[in-house]
Amino acid sequence: MPNSQFFAFNGEYDHAKPENANARNECSATQLAWLERSVDKAMPALNWSIANENEFLFKKWFGESTRSDDDVREILTDTTNVMTQMGSFWNPLCCDDASGACDTCVPGTGTQAFVTSWWYTNDPSYTYNVTWVRVCAAMYDSPEIEVGFIMFHELVHVVSQVGDSSLGYGKGPLVGLAAQSPEAARASANNYMLYAAQNGLSFEDYDALSNSWGANSFDPNCTDQYSNCGDIAKDCCGETEMSSYCCASCMVFDNTDHCREVNYPYRPGHHNLVFDPEQPGLGLHSPDSTAPVNPTPNPPTEEQCTEADGVFGCG
Ligand SMILES: [Zn+2]
């Protein structure tokens with residue numbers, strides 16, 4: 001039992017196949033194998049994320065509110081645990097069209113998958129969460145790891161009372177939601193998915209995976225204006241225009257050991273963290289808790305002197 005029951009699920013699971021499912025809603029053997037591969041591709045990141053809670057990213061995606069921290073942890077853990085139980089705990093329907101139990105998979109609406117729940121009209125507080133996940137045709141061409149993470153999003157709905165935010169699914173609005181209203185962010189399934197993805201993947205992989213959910217957001221005051229900022233910030237932004245229009249990605253790369261040296265003495269932001277974008281969870285550490293960084297930059301090479309036209313103090 002969780003310490004609090006804020007978003008935890010108190011109802012029962014309804015494992016029965018939806019009565020309005022029809023032949024066109026069934027998954028073929030090929031589709032089931034595709035879903036299994038998709039789940040398998042997401043599992044290492046999900047397991048890593050559960051085993052390595054990240055305080056910085058937890059605050060970014062869920063805000064600060066101690067009363068439901070344990071609910072969040074329990075939902076992340078329960079969802080990760082049921083991911084691999086396709087065919088026993090949960091089952092997919094593969095929706096080639098918006099017929100029968102797939103009625104919400106309307107092409108052009110952006111719906112990629114959905115789940116349902118039901119309750120008695122005389123006791124709406126007791127909910128039955130249906131364990132059949134509808135996978136819409138809109139998802140069929142997505143990268144498998146992305147499909148795996150979308151299944152994670154759906155299963156967050158199944159194991160909890162968490163719904164979707166009225167602000168939608170985008171990274172920028174949902175980071176803002178966590179800062180403004182932590183309890184609302186904890187009631188938004190995509191916040192769980194994006195936390196797990198950013199904590200469990202390297203920044204590069206997270207950036208690629210989460211591209212369909214908009215530009216990166218470091219915090220509400222530092223977001224990218226372009227979806228390819230993750231690529232162009234790799235070479236260190238420094239005191240250039242790029243650090244304003246690619247703020248979120250520049251914040252990560254400019255706070256790597258490498259860019260701190262390249263950009264010295266420029267350092268963005270007011271926090272005291274060093275990132276390693278090749279590690280999961282941003283590989284962040286506080287420079288205070290590690291060996292002190294040598295404040296003297298390396299002397300410039302001759303090549304740098306030529307290219308830098310004196311910027312490095314050459315000549
Ligand atoms: Zn949802």
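How many of the residues of β6 are buried? I will start there and work outwards. One caveat before that: this is a predicted model.

The answer is 4 of the 5, so strand β6 is largely enclosed by the rest of the structure. β6 covers residues 132–136. It belongs to an open sheet of 3 strands, with the order β2-β6-β3 and mixed pairing. The edge strands, each paired on one side only, are β2, residues 91–95, and β3, residues 113–114.

Take the two pairings in turn. β2 and β6 run parallel and are joined by 5 bridges. Within that pairing, Leu93 has Arg134 of β6 as its bridge partner. On the other pairing, β3 and β6 run antiparallel, with 2 bridges between them. There, Ala113 has Val135 in β6 as its bridge partner, and Phe114 stands opposite Arg134. So much for the sheet.

Some totals for the chain. The protein chain has 13 helices and 8 strands. It has 315 residues, of which 38% are buried. If you take the contacts with a separation of 6 or more, 65% of them are between residues 24 or more positions apart.

Next, the core. In general, nonpolar side chains tend to be buried together in soluble globular proteins. Here the largest nonpolar core has 71 residues. Val135, which we just met in the sheet as the partner of Ala113, is among the residues with the most contacts inside that core. The others in that group are Phe152, Val156, Tyr192, Met193, Ala196 and Ala197. Helix α4, residues 144–159, gives the largest share of this core, at 10 residues.

Met193 is a useful one to click on. Which residues is Met193 in contact with, leaving aside its neighbours within four places in sequence? They are Phe149, Phe152, His153 and Val156. Two of these names, Phe152 and Val156, were also in the list of residues with the most core contacts.

Now helix packing, three pairs. Two of them involve helix α7, residues 189–200.

The first is α7 with α5, which covers residues 171–180. Their axes are 10 Å apart and the packing angle is about 100 degrees. α5 and α7 are therefore roughly perpendicular to each other. On the α5 side the contact is made by Lys171, Leu174 and Ala178, and on the α7 side by Asn190, Asn191 and Leu194.

The second is α7 with α2, residues 55–62. These axes come within 9 Å and cross at roughly 155 degrees, and the two helices are therefore roughly antiparallel. The crossing of α2 past α7 is right-handed. From α2, the residues are Leu57, Phe58, Trp61 and Phe62; from α7, they are Asn191, Leu194, Tyr195, Gln198 and Asn199. Asn191 and Leu194 also took part in the contact with α5.

The third pair is α1, residues 29–51, with α3, residues 69–83. Their axes come within 10 Å, crossing at roughly 150 degrees. That makes α1 roughly antiparallel to α3. Left-handed or right-handed? In this case α1 passes α3 in a left-handed crossing. Val39, Met43, Leu46, Asn47 and Ile50 in α1 meet Leu76, Thr77, Thr80 and Met83 in α3.

Last, some backbone details, for anyone checking geometry.

There is a cis peptide bond between Tyr264 and Pro265, with omega about 5 degrees. Pro265 is in the loop between α12, residues 257–263, and α13, residues 302–308.

That loop between α12 and α13 also holds Leu282. Leu282 is not a glycine, but has a positive phi of about 65 degrees. Is Leu282 buried or exposed? With 25 C-beta neighbours inside 10 Å, Leu282 counts as buried.

Cys236 is another non-glycine residue with a positive phi, here about 75 degrees. Cys236 sits in the loop between α9, residues 229–232, and α10, residues 242–245. Cys236 has 19 other C-beta atoms within 10 Å and is partly exposed. The cut-off for buried is 20 or more.

To go back to the start: β6 is largely enclosed, because 4 of its 5 residues are buried, and Val135 ranks among the residues with the most contacts in the largest nonpolar core. That is what I have.

Technical notes. Residues are numbered from 1 along each chain as its sequence is written. This is a predicted model: local features need pLDDT of at least 70, side-chain atom pairs count only at pLDDT 80 or more; totals for chains, interfaces and linings use all residues. Two strands pair if DSSP finds at least two bridges between them. A nonpolar core is a set of buried Ala, Val, Leu, Ile, Met, Phe, Trp, Tyr and Cys residues joined through C-beta atoms within 7 Å. A residue is buried if 20 or more other C-beta atoms lie within 10 Å of its own, exposed if 12 or fewer, and partly exposed in between; C-beta atoms are placed from the backbone. Two residues are in contact if their C-beta atoms, placed from the backbone, lie within 7 Å. Axes are lines fitted to C-alpha atoms, for helices over the stretch in contact, and angles run from 0 to 180 degrees between N-to-C directions. Angles under 35 degrees count as roughly parallel, over 145 as roughly antiparallel, 65 to 115 as roughly perpendicular and the rest as oblique. A crossing is left-handed if the near helix is turned anticlockwise from the far one by less than a right angle, and right-handed if clockwise.
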